[in-house]
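Biologist: Could you walk me through this one before I go back to the bench? I'd like to jump around a bit, if that's fine.

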Amino acid sequence: MRRQFTQPDCKPLHAFCFPYETQLRYQYKFRDLTMEELKNVNMFFPHFRYSMDTYVFKDSSQKNLLNFTGTIPVMYQGNTYNIPIRLWILDSHPFAPPICFLKPTANMGISIGKHVDTQGRIYLPYLQNWSHPKSVIVGLIKEMIAKFQEELPLYSLSSSDEAQQVDLLAYIAKITEGVSDINSKNWANHENKTVNKITVVGSGELGIACTLAISAKGIADRLVLLDLSEGTKGVMMDLDIFNLPNVEISKDLSASAHSKVVIFTVNSLGSSQSYLDVVQSNVDMFRAFVAALGHYSPHGILLVASQPVEIMTYVTWKLSAFPANRVIGIGCNLDSQRLQYIITNVLKAQTSGREVWVIGEQGEDKASSSAILTSILC
């Protein structure tokens, strides 16, 4: 059984004295707004300690960033626990959300869950929906406390695990101050339970087609269809009624956890719009869920079919911070297959065994189908 823990409160500061104001002035784009917010944070949490340290991002780039550490009080099952956290303030603050981590001591282990990953990074709806000026650090911390009251993110290690944790934390400290790499046996066991899991994001025609094709081919032990639309569509209702084996329909992003492949089919494209007309709305939509889906399936492959596919693939790569070889766009593969089908089955034309390809962007400048057909058939 896990032993719960307590940690003594830090000695509170009687006045806000910020020693890094000079660095803030030269490094941060909106230093005055940032300083005002830090003063507000100090009013509610005067025991936080501030410093400037190097943060290492997933792409190995580095920045010297302001960060602060301290504990937040969390009431859980009738007891109060002081949860140690560390928040990194990006140089574009307050227009970008902080990067939040747990900061466990050697005798603490991380409970991997909906809001905390293996590295101790914290994921919250407040972060995903961050928007200045309505979003502030104090509000973020208050939501953090509320979520941790539902699911305590740390537990006390046994004496046998504590020695391993000391070595691990020492190793992490040598690599980076910004990212911890704390393993969890529970997470590893959970991840190994599902061998082949695929998630399809989007319940439009393409999303439904992907779901039916994957189910028919039996290539997934478990298939999740994430329905991000409002209400219930007729097709979605039909899928639910037929109760396809190993297929789960959900609106909860966490249902995608541990997917080997995540397929993005969601689009905001209307009948009177071109692909390029909806770029910004698609980007805004992807901001809401790509990072979270990457968090739930950190070792998966992201396959992008949303249009315009070239742009959305790049957006997905940037938002997820995945390696480039694990973010793949379908390009014109679907159009190529459609064209091949029309030539072979509708026009009954012979292509002499040659593959047919559609190339170019998905937009007004793409080659017309008549021009492609003429060049192939003549």
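Biologist: In what sense do β7 and β8 pair, and over how many bridges?

Modeller: Bear in mind that this is a predicted model. In it, β7 and β8 pair in the parallel sense, over five bridges, and within that pairing valine 200 stands opposite leucine 225 in β8.

Biologist: Is β7 buried or exposed?

Modeller: Strand β7, residues 197-201, is largely enclosed by the rest of the structure, because five of its five residues are buried. Lys197, Thr199 and Val201 point one way from the strand, whereas Ile198 and Val200 point the other way, and all of them are buried.

Biologist: On to the hydrophobic interior, then. Which residues touch the most other members of the largest nonpolar core?

Modeller: Those are Ile72, Ile83 and Met144, in a core of 46 residues. At least two residues of this core come from each of α2 (31-44), β1, β2, β3, β4, β5 (108-110), α3 (125-128) and α4 (137-150), and the largest share, seven residues, is supplied by α4.

Biologist: What does isoleucine 72 touch?

Modeller: Leaving aside residues up to four places away in sequence, isoleucine 72 touches Phe45, Phe48, Tyr81, Asn82, Ile83, Ile85, Ile141, Met144, Ile145 and Phe148. There is also a second, separate core of 26 residues, which includes Leu226, Ala257, Val262 and Val309.

Biologist: Changing topic to charges: how many salt bridges are there in the whole structure?

Modeller: A search of the whole structure finds seven salt bridges. One of them joins the side chains of arginine 86 and aspartate 53, at 3.3 Å from N to O. That pair links distant parts of the chain, with arginine 86 in strand β3 (residues 79-89) and aspartate 53 in strand β1 (residues 49-56), 33 residues apart.

Biologist: And are those two, arginine 86 and aspartate 53, buried or exposed?

Modeller: Arginine 86 and aspartate 53 are both buried. As a general point, side chains of opposite charge can pair when their charged atoms come close.

Biologist: Which residue does aspartate 91 meet in a salt bridge?

Modeller: The side chain of aspartate 91 meets that of lysine 63, at 2.9 Å from N to O. This pair also links distant parts of the chain, since aspartate 91 lies in the loop between β3 and β4 (99-102) and lysine 63 in strand β2 (residues 62-76), 28 residues apart. Aspartate 91 counts as buried because its relative accessibility is 14%, while lysine 63, at 36%, counts as partly exposed. Lys29 belongs here as well, as Lys29, Lys63 and Asp91 are linked in a network of salt bridges.

Biologist: What about aspartate 227 and lysine 251, where do they lie?

Modeller: Aspartate 227 and lysine 251 meet through their side chains in a salt bridge of 3.3 Å, N to O. Aspartate 227 is in the loop between β8 (222-226) and α8 (234-242), and lysine 251 is in the loop between β9 (247-250) and β10 (261-264), so the pair ties together parts that are 24 residues apart in sequence. Aspartate 227 is buried, with a relative accessible area of 6%, whereas lysine 251 is partly exposed, with 47%.

Biologist: Now the backbone. Which residue is joined to proline 94 by a cis peptide bond?

Modeller: Histidine 93 is joined to proline 94 by a cis peptide bond, with omega about 10°, and proline 94 lies in the loop between β3 and β4. The peptide bond from histidine 132 to proline 133 is cis too, with omega near 10°, and proline 133 is found in the loop between α3 and α4.

Biologist: Why is glutamine 77 called exposed, and why is histidine 258 called buried?

Modeller: Glutamine 77 is exposed because its relative accessible area is 67%, while histidine 258 counts as buried because its relative accessibility is 7%. Glutamine 77, in the loop between β2 and β3, has a positive phi of about 50° although it is not a glycine. Histidine 258, in the loop between β9 and β10, likewise has a positive phi, of about 70°, and is not a glycine.

Biologist: Last one: which residues form a nonpolar patch on the surface?

Modeller: Tyr341, Ile342, Val346 and Leu347 form that patch, with about 380 Å² of accessible area together. Tyrosine 341 sits in helix α11 (residues 333-346) and counts as exposed because its relative accessibility is 52%.

Methods:
Residues numbered from 1 in each chain as written. Predicted model: local features only at pLDDT ≥ 70, side-chain atom pairs only at ≥ 80, totals over all residues. Heavy atoms only, no water. Patch = residues over 30% accessible without salt bridge, like charges linked within 9 Å, V, L, I, M, F, W, Y side chains within 5 Å. Areas by Shrake-Rupley, 256 points an atom, 1.4 Å probe, with all protein chains shown as cover. Salt bridge = Lys/Arg side-chain N within 4 Å of Asp/Glu carboxyl O. Helix = DSSP H or I, 4+ residues; strand = E, 2+ residues; numbered from the N terminus. Buried < 20%, exposed > 50% of the residue type's maximum accessible area, 1.4 Å probe, protein only. Core = buried A, V, L, I, M, F, W, Y, C linked by side-chain atoms within 4.5 Å. Contact = heavy atoms within 4.5 Å. Pairing = 2+ DSSP bridges.
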